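Visitor: I have a model open and would like to go through it with you. Where should we begin?

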Amino acid sequence: MMSTAEKKIWQVLEAVTDPEIPVLTITDMGIVRGVKINNDEIEVIITPTYTGCPAMDMIAMNIRLALFENGFPKSKITSVLSPAWTTDWMSEAGKQKLKAYGIAAPDKKFMIAKDGVECPQCHSVHTKLVSEFGSTACKALYQCNDCKEPFDYFKCH
Ligand SMILES: [Zn+2]
């Protein structure tokens, strides 16, 4: 059974967004592993998406700020690296939001980025891998042969 405080904390976490993809919350991303209440201190356990992803420091800061603003002044963030985060932990709702934002969602068929990832704009599969690295290391850059729009693909791992 979740306590009232625990429920409130999860609600706060559900509103914290990813600084790189502001439409996704950290719970959509599936990076929150757990919440512990140690007396008056809140511990949030997270698993970073990509090791060394600079966004993680900002995420940790945003979590603490959101908790502070919601009446939890004392908090700490613990990173757990094992088991490693995989794109499988991303929620279905998260994948839909990603597509609506114009980024192709991770797809097991494209573990290794190659031509043919579905275009988030026109849903064509006539797409071409332009670069293995898009706007960030976690994404690959594609170009659609039909609508001619470039787009990012959130790489699977
Ligand atoms: Zn297209």
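Guide: One definition first: helices (H or I, at least four residues) and strands (E, at least two) are DSSP runs, numbered from the N terminus. In those terms, proline 48 lies in the loop between β2 and α3. Please keep in mind that this is a predicted model.

Visitor: Is proline 48 buried or exposed?

Guide: Proline 48 has a relative accessible area of 14%, so it counts as buried, the limit for that being under 20%.

Visitor: How far apart are the C-alpha atoms of proline 48 and alanine 60?

Guide: They are separated by 9.8 Å. Along the chain, proline 48 and alanine 60 are 12 residues apart.

Visitor: On to the interior. Which residues touch the most other members of the largest nonpolar core?

Guide: Leu13, Ile26, Val44, Ile63, Leu67, Leu98 and Phe154 do, in a core of 27 residues. Two or more residues each come from α1 (4-13), α2 (26-29), β1 (32-38), β2 (41-46) and α3 (55-69).

Visitor: And which element gives the largest share?

Guide: Helix α3 does, with 5 residues. There is also a second, separate core of 12 residues, and Ala140, Cys144, Tyr153 and Cys156 are among them.

Visitor: Let us turn to the metal. What are the protein donors of the zinc ion?

Guide: The donors are the SG atoms of Cys119, Cys122, Cys144 and Cys147, at 2.3 Å from the zinc ion. Cys144 thus appears both as a zinc donor and as a member of the second core.

Visitor: What spacing do the donors follow along the chain?

Guide: The spacing is C-x2-C-x21-C-x2-C. Cysteine 122 is in the loop between β4 (103-104) and β5 (127-131), while cysteine 147 is in the loop between β6 (139-144) and β7 (150-154); the pair therefore ties together parts that lie 25 residues apart in sequence.

Visitor: Why is the arrangement around zinc called tetrahedral?

Guide: Because the angles subtended by the 4 donor atoms run from 106 to 114 degrees, and the criterion asks that all angles lie between 85 and 135 degrees.

Visitor: How accessible are cysteine 122 and cysteine 147?

Guide: Cysteine 122 is partly exposed, at 35% relative accessible area. Cysteine 147 is also classed as partly exposed, at 28%.

Visitor: What about backbone geometry near there, say the phi of histidine 123?

Guide: Histidine 123 is not a glycine, yet its phi is positive, at about 65 degrees. This residue sits in the loop between β4 and β5, the loop that also holds cysteine 122.

Visitor: And what is the phi of asparagine 39?

Guide: Asparagine 39 has a positive phi near 55 degrees, and it too is a residue other than glycine. It is located in the loop between β1 and β2 and is exposed, with a relative accessible area of 78%.

Visitor: Which peptide bond is cis?

Guide: The bond from serine 82 to proline 83 is cis, its omega being near 0 degrees. Proline 83 belongs to the loop between β3 (75-79) and α4.

Visitor: Last topic: how much space lies in the largest pocket?

Guide: About 260 Å³. The pocket is lined by 17 residues, of which Lys99, Ala105, Pro106, Asp107 and Glu118 are the closest to its centre.

Visitor: Which helix gives the most to that lining?

Guide: Helix α4 (residues 92-100) does, with 4 residues. By class, the lining comprises 9 nonpolar, 2 polar and 6 charged residues.

Terms used
Residues are numbered from 1 along each chain as its sequence is written. This is a predicted model: local features need pLDDT of at least 70, side-chain atom pairs count only at pLDDT 80 or more; totals for chains, interfaces and linings use all residues. Side-chain values use heavy atoms; hydrogens and water are left out. A nonpolar core is a set of buried Ala, Val, Leu, Ile, Met, Phe, Trp, Tyr and Cys residues joined through side-chain atoms within 4.5 Å. Buried means under 20% relative accessible area, exposed over 50%, partly exposed in between (1.4 Å probe, protein chains only). Donors are N, O and S atoms within 2.8 Å of the metal (3.2 Å for Na, K and Ca); water is not among the atoms, so sites may look incomplete. Four donors count as tetrahedral if all angles lie between 85 and 135 degrees; four count as square planar and six as octahedral if opposite donors are over 155 degrees apart and all others between 65 and 115; anything else is irregular. On a 1 Å grid over the protein atoms alone, a cavity is a set of points where a 1.4 Å probe fits but cannot get out, and a pocket is an open set with protein on both sides within 12 Å along at least five of seven lines; lining residues have an atom within 4 Å of a point. Grid points are joined across faces, edges and corners, and a volume is the space filled by probe spheres set on the points. Ala, Val, Leu, Ile, Met, Phe, Trp, Tyr, Cys and Pro count as nonpolar, Asp, Glu, Lys and Arg as charged, and the others, Gly among them, as polar.
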